[in-house]
Amino acid sequence: MCDLCARPVSGMSRRGLFAGMAAFSATAALSPRAFAQAAPQNAITPDEALKRLMDGNARYAANTSANLDYSAGRAARVTVQHPIAAILSCADSRVAPELAFDQGPGDLFVVRLAGNFVNDDGLASLEYAVKFLNTPLVMVLGHSRCGAIDAAIKVVRDGASLPGHLQEMVREIRPAVKAAKADKPDDVLAAAVAENIRRGVRRLETAKPILADFVRSGKVKVVGAHYELANGKIALV
């Protein structure tokens, strides 16, 4: 036997080396097909999914995010996805759900539009996530100092006129603004943001023919949450 073959590698015994090679072979055997056949990550309860999100946000807010390698699992995700939550989020560039919840590609099914309100197109996407991807949790995610809701406040309070299709966006948000203003809050914007989230949750919980049935059976939970731009923390609403 040659000296090189007999010599331990980097202080590792031959037995340790062979064990490591076996472990590598087992890992390499987890092909995309094997990944697809494994127990999906979203085969969990809605509460377990919510805990995973909130734990991830705690890491993000503390600047200790665990998801740093976004190439991991890329090949396996080509043919299958198992998102643990569907997020209806504002399109605001400062709000990035995957980052804010410290989740990787394939973990979240995200629908984004300014003002994070529920319309038929967004609802259809969320129905797809629940019905065909078996997503156990749906979240309406609003955020502090939302520009879309602030624009709706200006329209309701000051009679402002917005160009293009922005008027249609405001029309969807107006009910939340009016309800918030009726309580005469000190901070109308913050109150309207919270009310808009709550209204989105109520609509999704009762949306027929798909979401309402899943919610009623307990297979899916719909929750509202608020992202604070200043510190990155997310709180349930």
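This is a short tutorial dialogue on reading a predicted model, moving from the sheet to a helix and then to the salt bridges.

User: Where should I begin with the sheet, and in what order do its strands stand?

Analyst: A good start is to list the strands in the order in which they lie side by side, and then to look at how each one pairs. Here 5 strands form an open sheet in the order β2-β1-β3-β4-β5, and the pairing is mixed. Strands β2 (108-112) and β5 stand at the edges with a single partner strand each, so one side of each has no neighbour in the sheet. On average, neighbouring strands of this sheet are turned by 25° against each other, direction ignored.

User: How do I read the pairing of one strand, and which strands does β4 pair with?

Analyst: For a single strand, look at each partner in turn, asking about direction and about the residues that face each other. Strand β3 (residues 137-143) and β4 run parallel and are joined by 7 bridges, and Val138 stands opposite Val222 in β4. With strand β5 (residues 234-236), β4 pairs in the antiparallel sense over 3 bridges. Within that second pairing, His226 stands opposite Ala235 in β5, while Tyr227 has Ile234 as its bridge partner. The hairpin of β4 and β5 has 6 residues between the strands, and there Gly232 takes a positive phi near 80°.

User: Why is β4 described as largely enclosed?

Analyst: To judge this, one goes through the strand residue by residue and asks how many are buried, a label given to residues with under 20% relative accessible area. In strand β4 (residues 221-227), 5 of the 7 residues are buried, so the strand is largely enclosed by the rest of the structure.

User: Which helices lie on the sheet, and how are they directed?

Analyst: Here one asks which strands a helix touches, and then compares the direction of the helix with that of a strand. Helix α6 lies across β1 (85-89), β2 and β3, and runs at about 170° to β2. Helix α9 also packs on the sheet, where it touches β3 and β4, and its direction makes about 165° with that of β4.

User: How can I read α9 by itself, and what caps its N-terminal end?

Analyst: It helps to compare the span of a helix with the expected value, and after that to examine its ends and its covering. With 18 residues, α9 reaches 26 Å from its first C-alpha to its last, close to the 26 Å expected at 1.5 Å a residue. At the N-terminal end, Asp187 acts as the cap, with a side-chain oxygen 3.2 Å from the backbone nitrogen of Leu189. The buried residues of α9 include Leu189, Val193, Glu195, Ile197 and Leu204, and among the elements that cover the buried residues are α7 (147-158), α8 (166-182), α10 (211-217) and β4.

User: Glu195 is in that list, so what does Glu195 touch, and which side chain does it meet in a salt bridge?

Analyst: For one residue, I would look at its burial, then its contacts, then its charged partners. Glu195 has a relative accessible area of 11% and is therefore buried, the cut-off being under 20%. Leaving aside residues up to four places away in sequence, Glu195 touches Ala176, Ala179, Ala180 and Arg202. Its side chain meets that of Arg199 in a salt bridge (2.9 Å, N to O), and both residues lie in helix α9, 4 residues apart, which is about one turn of the helix. Arg199, at 33% relative accessibility, counts as partly exposed. A network of salt bridges links Glu195, Arg198, Arg199 and Arg202.

User: How many salt bridges does the structure hold, and which of them link distant parts of the chain?

Analyst: One counts them, and then asks where in the chain each partner lies. The structure holds 12 salt bridges, one of which joins the side chains of Asp107 and Arg52 (3.5 Å, N to O). That pair links distant parts of the chain, with Asp107 in the loop between α5 (97-100) and β2 and Arg52 in helix α4 (residues 46-61), 55 residues apart. Asp107 counts as buried at 9% relative accessibility, whereas Arg52, at 29%, counts as partly exposed. Another salt bridge joins Asp120 and Arg203, whose closest N and O atoms are 3.1 Å apart. This pair also links distant parts of the chain, since Asp120 is in helix α6 and Arg203 in helix α9, 83 residues apart. Asp120 is exposed, with a relative accessible area of 56%, and Arg203 is partly exposed at 34%.

Technical notes
Residues numbered from 1 in each chain as written. Predicted model: local features only at pLDDT ≥ 70, side-chain atom pairs only at ≥ 80, totals over all residues. Heavy atoms only, no water. Buried < 20%, exposed > 50% of the residue type's maximum accessible area, 1.4 Å probe, protein only. Contact = heavy atoms within 4.5 Å. Helix = DSSP H or I, 4+ residues; strand = E, 2+ residues; numbered from the N terminus. Pairing = 2+ DSSP bridges. Expected span 1.5 Å × (residues − 1). Polar contact = N/O pair within 3.5 Å; in protein donor to acceptor, adjacent residues only side chain to side chain. Axes fitted to C-alpha atoms, helices over the stretch in contact; angles between N-to-C directions. Salt bridge = Lys/Arg side-chain N within 4 Å of Asp/Glu carboxyl O.
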